[in-house]
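Thank you all for making the time today. I would like to walk through one protein chain with you, moving from single residues to whole helices, and I will try to say at each step what the reasoning rests on.

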Amino acid sequence: MSGPADPGSLAALQAQHGPRYRWLLLMAVMVGTIASVMSSTIVNVAIPDMSRHFTLGQDRAQWVTSGFMAAMTASMLTTPWLLSRFGYRAVYAGCMWLLMAGGLLGGLSNDYTWVLIARVAEGLAAGVVQPIAAIIILRAFAPHEQGRASGLFGTGVVLAPALGPSVGGLLVDFFGWRSIFFMVVPFCLASLWLARRYVPTGAPGGVAAGQDNTRLDWLGLLLATLGTVCLLNGLVALNDKGGHQSLPLLGAAAALVLGFLAWQRRLGRHHTVGAVRPLMDLKLFQHRQFAMGCLVSLTYGAALFGSTYLLPVYMQVGHQLAPALVGTILLPAGMVLALTIPAVGHLADHQPAHRLVSGGLLLLAGSFALMVTLKENTPLIWMTAWSVLGRIGLGFILPSLNLGAMRGMPHDTISQGSSTVSFVRMLGGAAGVSLCGVALQWRLSAHGVALHDTAHGADRLAAFNEVFLMLAGVCTLAMLAAWKLRPTTPHTPGTT
């Protein structure tokens, strides 16, 4: 164990800050997670402006989001190994430096290729950072505090992205799309300062970093990354006439996923194979609540990130609204979400997770279905109302899903379990963004209109409405798995 002589050790920080330390640690990690979540969502407001600047079609423009999601999805699996090898502080700070570099590169780029490289760099950093908070909540907080901690963390994480579209819309209107990339810089600087004060140098469990001598599963990471890239490219290729490139890519994605699962299974059975730790422990899926939680996370991620991509485009293109007005419409929804999460976080300490998650999915599906009632001359208050309804649904899901999947799991599986749930959610999200882009392009073509065609407004809205109905169906399917989540006996919390 790292001794108290090390001012950055867990023991020294606990002695310095007392019982409130776990909350200070959560706050420090929350700031970095806010930066990573903001970088994943706020760019959607700038997509129409960026696509016009670089003369991009819908299929290429969506890679600003899909490229980020693919990189984030793959890197999430590395979090447990990185934390064991390098410790919380080094991993967290390194990700913040990478995220800030990506923001600066994207904002200064004059070529779309460099914008995509910047988004991949941001995605890699965001993927490693985001599971850390769930690991801390499940390790450092008692079972009766975990819902409240998740609610507090969720409020902070969604508040900045909720305000982001409003601020981002103003920035795009007055300063252009480049300003969106620079927004993460102050958050990254603040998180680096907080990391030096509150994030321990040790690894999960309170041990010193570097004691785990296992090697990173590079083969598994390569298979997962290539599988994700082939999946996303295969989905995008569905837009091509005839879809001739789509089937080989989707077939390759299926083969790579099967190869990844077979390799993880082999590593799980033979722990001495090259002293390599598997990225994903498949034995976790033997627990029903974990397996159902992952299934819900997959479909929920597709609906959440697909809609996060679709809504700003729908308002700007479908209803011809200015980016600043789009941000104003989405602002009440974000504020309601920020208020809902802590209330539901308190409920999550007392109510079964499957009820909260199922109720949230029902509200989310309803908000998507009600979007089809909006016409060209419908008052904007109804667009705001349906957006608020969907965000209330998200507020029920966010604090409950991870706890419902992980409660009752063996204590030594928390790091891998949390990163696996995050990986599955982001995989669904990456696919969801691509599917929404593909489905939108398909329905626009079916109605004989182009995305930026100012004429044929009713036909363009009909195309968007059909995609919203698809998302409502995805949420409805997720409810079937969510209802099978059952409360289990909470585990006894250990050390961070």
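Let us start with Ser191, which is buried, because its relative accessible area is 0% and the cut-off for being buried is under 20%. Please keep in mind throughout that what you see is a predicted model. Ser191 is found in helix α11, which covers residues 184-198, and if we leave out residues up to four places away in sequence, Ser191 touches Val31, Gly32, Tyr92 and Met96.

Now let us step back to the chain as a whole. The protein chain has 19 helices and 0 strands, and buried residues make up 61% of its 496 residues. If we take the contacts between residues at least 6 apart in sequence, 84% of them join residues that are at least 24 apart. The accessible surface comes to about 19,000 Å², and 68% of that surface belongs to carbon and sulfur atoms.

Next I would like to turn to helix α6, which runs over residues 79-86. Of its 8 residues, 6 are buried, so helix α6 is largely enclosed by the rest of the structure. The buried ones in α6 are Thr79, Pro80, Trp81, Leu82, Leu83 and Ser84, and what do the buried residues of α6 pack against? They pack against α5, which spans 63-76, against α7, which spans 88-108, and also against α8 and α18. Just after α6 we come to Gly87, which takes a positive phi of about 90°.

That brings us to the two partners α8 and α18, because both of them also take part in salt bridges, and the count for the model comes to 2 salt bridges. In one of these, Glu122 pairs with Arg119, and their closest N and O atoms are 3.1 Å apart. These two residues are 3 residues apart in helix α8, so they are separated by about one helical turn. For those new to helices, an α-helix has 3.6 residues a turn, so residues three or four places apart point the same way. Glu122 is buried at a relative accessible area of 1%, and Arg119 counts as buried as well, at 2% relative accessibility.

The other salt bridge is formed by Glu466 and Arg443, with 2.4 Å between the closest N and O atoms. Here Glu466 lies in helix α19, residues 457-482, while Arg443 lies in helix α18, residues 414-446, so the pair ties together parts that are 23 residues apart in sequence. Glu466 counts as partly exposed, at 30% relative accessibility.

While we are still on α8, which covers residues 112-140, please look at Leu124, which lies in that helix. Leu124 is partly exposed, with a relative accessible area of 37%, and together with Leu98 and Val120 it forms a nonpolar patch on the surface, with about 200 Å² of accessible area for the three residues together.

I will finish with helix α14 and the loops on either side of it. Helix α14 runs over residues 288-318, has 31 residues, and reaches 42 Å from its first C-alpha to its last, which is close to the 45 Å expected at 1.5 Å a residue. Where is the kink in α14 centred? It is centred on Ser307, and the kink is about 25°. Of the 31 residues of α14, 28 are buried, so this helix, too, is largely enclosed by the rest of the structure.

On the side before α14, Phe285 is found in the loop between α13, which covers 246-269, and α14. Phe285 is partly exposed, with a relative accessible area of 30%, and, leaving aside its neighbours within four places in sequence, it is in contact with Met280, Phe290, Ala291, Cys294 and Thr420. Phe285 and Gly417 are 132 residues apart in sequence, and yet their C-alpha atoms are 9.5 Å apart in space.

On the side after α14, Gln320 has its place in the loop between α14 and α15, the latter covering 323-348. Its phi is near 55°, which is a positive value in a residue other than glycine, and at 46% relative accessibility Gln320 counts as partly exposed.

Conventions
Residues are numbered from 1 along each chain as its sequence is written. This is a predicted model: local features need pLDDT of at least 70, side-chain atom pairs count only at pLDDT 80 or more; totals for chains, interfaces and linings use all residues. Side-chain values use heavy atoms; hydrogens and water are left out. Helices (H or I, at least four residues) and strands (E, at least two) are DSSP runs, numbered from the N terminus. The expected span of a helix is 1.5 Å times one less than its number of residues. The bend at a residue is the angle between axes fitted to the seven residues ending there and the seven starting there. Buried means under 20% relative accessible area, exposed over 50%, partly exposed in between (1.4 Å probe, protein chains only). Contact means heavy atoms within 4.5 Å. Accessible areas come from the Shrake-Rupley method with a 1.4 Å probe; for residues, only the protein chains shown count as cover. Patches are made of residues with over 30% relative accessible area and no salt bridge: like charges are joined within 9 Å, nonpolar side chains (Val, Leu, Ile, Met, Phe, Trp, Tyr) within 5 Å. A salt bridge is a side-chain nitrogen of Lys or Arg within 4 Å of a carboxyl oxygen of Asp or Glu.
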